Amino acid sequence: MNCIQFPILSTITYLPLAGIVGILLINKDKHALIRWLAFITTVVTFLVSLPLYFCFDQTTWNMQFVEKVPWIEAFGISYHMGIDGISLLLVLLTTFLSALAVLSTWTAVTQRVKEYMISLLFLEIGMLGVFCALDFFLFYVFWEVMLIPMYFIIGIWGGPRRIYAAVKFFIYTMSGSVLMLLAILTLYFMNFKATGHYSFNILEYYDLNIPVQAQFWLFMAFFLAFAIKVPMFPFHTWLPDAHVEAPTAGSVILAGVLLKMGTYGFLRFSLPLFPNASIDFVPVIMVLAVIGIIYGALVSIAQSDIKKLVAYSSVSHLGYCMLGMFALNTEGVEGSLIQMINHGLSTGALFLCVGMLYERRHTRLISEYGGIYKVMPWFATLFLITAFSSMGVPGLNGFIGELLILIGAFKANVWLGLIATAGLVLGAVYLLWMYKRVIYGEITKEENKSLKDMTSREWVYMLPIVVFMFWIGLCPRPFLNTMHASVGHLLEHVNQHRVVSTAVAGCNLSR
């Protein structure tokens with residue numbers, strides 16, 4: 001029993017819908033009013049989501065704030081929502097970043113402002129629904145819903161190659177989604193065969209005794225859907241194009257939340273539904289994760305575009321998330337989860353910093369800057385904190401996540417842990433080198449001499465992120481406590497199958 005006695009998850013998920021209705025009633029030329037209504041809607045959604053943390057029971061792995069009503073009974077479809085320690089922080093991250101994303105493009109987007117704000121709010125509904133859905137049909141609806149507004153955000157308000165980037169993003173993610181749909185339907189009929197009734201209940205599927213051979217193919221279908229979304233090497237090629245062409249808010253949401261759909265999918269579905277296959281794929285996925293860490297870092301070093309550098313750094317950072325997750329120990333999985341939050345904050349903040357520079361100079365080329373600290377000292381300070389956070393300097397959030405992941409990786413495989421550690425050094429190289437060229441030195445471009453420092457609006461959306469960077473870095477326990485019981489239960493479930501598999505293998509050898 002929790003202290004909230006109303007359907008809070010539905011309230012949070014559909015609050016942006018009220019903002020959409022309000023915006024639809026406003027004349028399209030009243031840009032200021034549309035922006036304010038969108039911002040107020042996202043702030044209210046964030047404030048309403050805060051009680052989730054304070055009322056969350058950290059001692060249990062069971063789903064909380066559960067809402068369940070029959071929907072399409074003939075097909076066993078329910079409106080079923082609920083969260084546990086794995087999804088709680090991701091829901092809060094979504095509501096937090098959505099408010100900041102609206103604020104970040106306050107003046108950058110001047111065309112079709114009404115449609116733009118509606119797209120952002122619509123996207124928030126889809127993202128929150130994915131993290132809260134406990135019915136596979138409902139989950140898939142939300143999963144597909146969020147593709148549409150992001151496609152338009154990139155394709156309409158993006159850069160010169162926006163159409164190419166938007167189409168590539170859609171084709172990649174849609175291809176993975178179709179495979180996932182086939183796997184969901186297979187599970188649906190397998191569940192009917194085992195229980196005699198139709199159901200899309202995700203929690204019910206956890207108890208299915210899926211044959212090992214079937215687990216392999218179902219795991220592969222889910223793997224492709226989630227690996228593309230992560231994006232995991234070598235399925236990452238859509239990401240740099242989408243990031244570079246998207247407006248700042250699109251990049252922030254893409255890095256901060258949408259990429260977490262993939263890592264969340266592995267934790268929510270792949271590991272508990274297909275434990276045997278997950279264990280079998282551990283070596284492959286850990287190797288791909290380490291390749292992604294090193295590859296992403298090396299390619300980042302070679303970039304001349306700041307935004308593209310940050311985009312490739314996501315491939316490296318999310319490689320750490322995958323490495324920790326498939327280490328299949330408490331340190332690795334909890335490190336992976338906290339690193340998902342860290343990446344949302346740190347990389348989101350980096351994109352916001354890039355957006356500030358772009359709004360002033362309309363170029364993202366590193367060679368166009370230099371000596372910026374002389375005219376923008378406050379920006380230089382916040383940019384440095386954000387870079388330190390991203391590279392995992394002690395005292396900031398990135399350090400906690402990467403430390404736990406590396407501990408977990410070393411426990412699972414010493415050599416892969418050693419190689420992954422090199423990624424930390426490379427991360428420091430590309431971030432500090434970029435920072436040196438943009439911020440330090442003499443101002444060689446005449447246009448940079450008149451740049452203005454941070455505005456009050458920019459302070460408003462940067463300061464809360466910096467507070468969280470220090471909070472998680474200096475006092476991570478409250479965040480780790482929320483996920484501990486759920487992660488423990490998940491690992492217990494997977495390890496039971498590891499023991500059974502080992503015992504079966506031992507019996508076969510002794511014959």
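**Fold, core and local features of the predicted model**

Among contacts in the protein chain between residues at least 6 apart in sequence, 80% join residues at least 24 apart. The model is predicted. Its secondary structure comes to 20 helices and two strands. For 511 residues, a compact globule would have a radius of gyration near 24 Å, and the value of 22 Å for the protein chain agrees with this. Along the principal axes, the C-alpha atoms fill a box of roughly 80 × 55 × 45 Å.

Burial and surface were computed for the whole chain. Buried residues account for 61% of the 511 residues. The accessible surface comes to about 19300 Å². Carbon and sulfur atoms hold 69% of that surface. The side chains include 29 positive and 26 negative ones. The centres of these two sets lie 8 Å apart.

The largest nonpolar core has 187 residues. Phe136, Leu187, Phe222, Phe326, Phe379 and Val438 have the most contacts inside this core. Helix α15, spanning residues 330–361, gives the most to the core, with 14 residues. In soluble globular proteins, nonpolar side chains tend to be buried together. The surroundings of Phe136 were examined in detail. Beyond four places in sequence, Phe136 touches Ile184, Leu187, Phe200, Ile202, Tyr205, Phe222, Phe269 and Leu273. Two of these partners, Leu187 and Phe222, are listed with Phe136 among the residues with the most contacts inside the core.

Met434 sits in helix α18, which covers residues 414–439. Its relative accessible area is 1%, so Met434 is buried. Leaving out residues up to four places away in sequence, Met434 touches Ile306, Leu309, Ile366 and Phe383. Ile306 falls in helix α14, which runs over 306–325. Gly82 is 352 residues from Met434 along the chain, and the two C-alpha atoms are separated by 42 Å.

Thr41 lies in helix α2, residues 31–55. Thr41 counts as buried because its relative accessibility is 9%, under the 20% cut-off. Its contacts, not counting residues up to four places away in sequence, are Leu15, Pro16, Gly19 and Leu121. Leu121 belongs to helix α4, which covers 113–132.

Phe281 is placed in helix α13, residues 275–301. With 12% relative accessibility, Phe281 also counts as buried. Phe216, Phe219 and Met220 are in contact with Phe281 when residues up to four places away in sequence are not counted. These three partners fall within helix α9, which covers 212–229. The C-alpha atoms of Phe281 and Ser313 are 25 Å apart in space, with the two positions 32 residues apart in sequence numbering.

Tyr172 is found in helix α7, residues 162–195. Tyr172 is partly exposed, because its relative accessible area is 27%, which lies between the 20% and 50% cut-offs. Apart from neighbours within four places in sequence, Tyr172 is in contact with Ile228, Phe235, Thr237 and Trp238. Ile228 falls in helix α9 and Trp238 in helix α10, which covers 238–245. Tyr172 and Asn62 are 110 residues apart in sequence, and their C-alpha atoms lie 34 Å apart.

The loop between α9 and α10 holds both Pro231 and Pro234. A cis peptide bond joins Val230 and Pro231, with omega about -5 degrees. Another cis peptide bond joins Phe233 and Pro234, where omega is about 5 degrees. Phe235, a contact of Tyr172, directly follows Pro234 in the numbering.

Positive phi values were found at two residues other than glycine. Arg112 has a phi of about 50 degrees. Arg112 lies in the loop between α3, residues 88–104, and α4, residues 113–132. At 52% relative accessibility, Arg112 counts as exposed. Leu328 has a phi near 55 degrees. Leu328 is in the loop between α14 and α15. Leu328 is buried, with a relative accessible area of 6%. The two residues thus share a positive phi, whereas Arg112 is exposed and Leu328 is buried.

Terms used: Residues are numbered from 1 along each chain as its sequence is written. This is a predicted model: local features need pLDDT of at least 70, side-chain atom pairs count only at pLDDT 80 or more; totals for chains, interfaces and linings use all residues. Side-chain values use heavy atoms; hydrogens and water are left out. Helices (H or I, at least four residues) and strands (E, at least two) are DSSP runs, numbered from the N terminus. Buried means under 20% relative accessible area, exposed over 50%, partly exposed in between (1.4 Å probe, protein chains only). Contact means heavy atoms within 4.5 Å. A nonpolar core is a set of buried Ala, Val, Leu, Ile, Met, Phe, Trp, Tyr and Cys residues joined through side-chain atoms within 4.5 Å. The radius of gyration is taken over C-alpha atoms; the globule rule is 2.2 Å times the number of residues to the power 0.38. Accessible areas come from the Shrake-Rupley method with a 1.4 Å probe; for residues, only the protein chains shown count as cover. Lys and Arg count as positive and Asp and Glu as negative; His and the chain ends are not counted. The place of a charge is taken as NZ of Lys, CZ of Arg, CG of Asp or CD of Glu.
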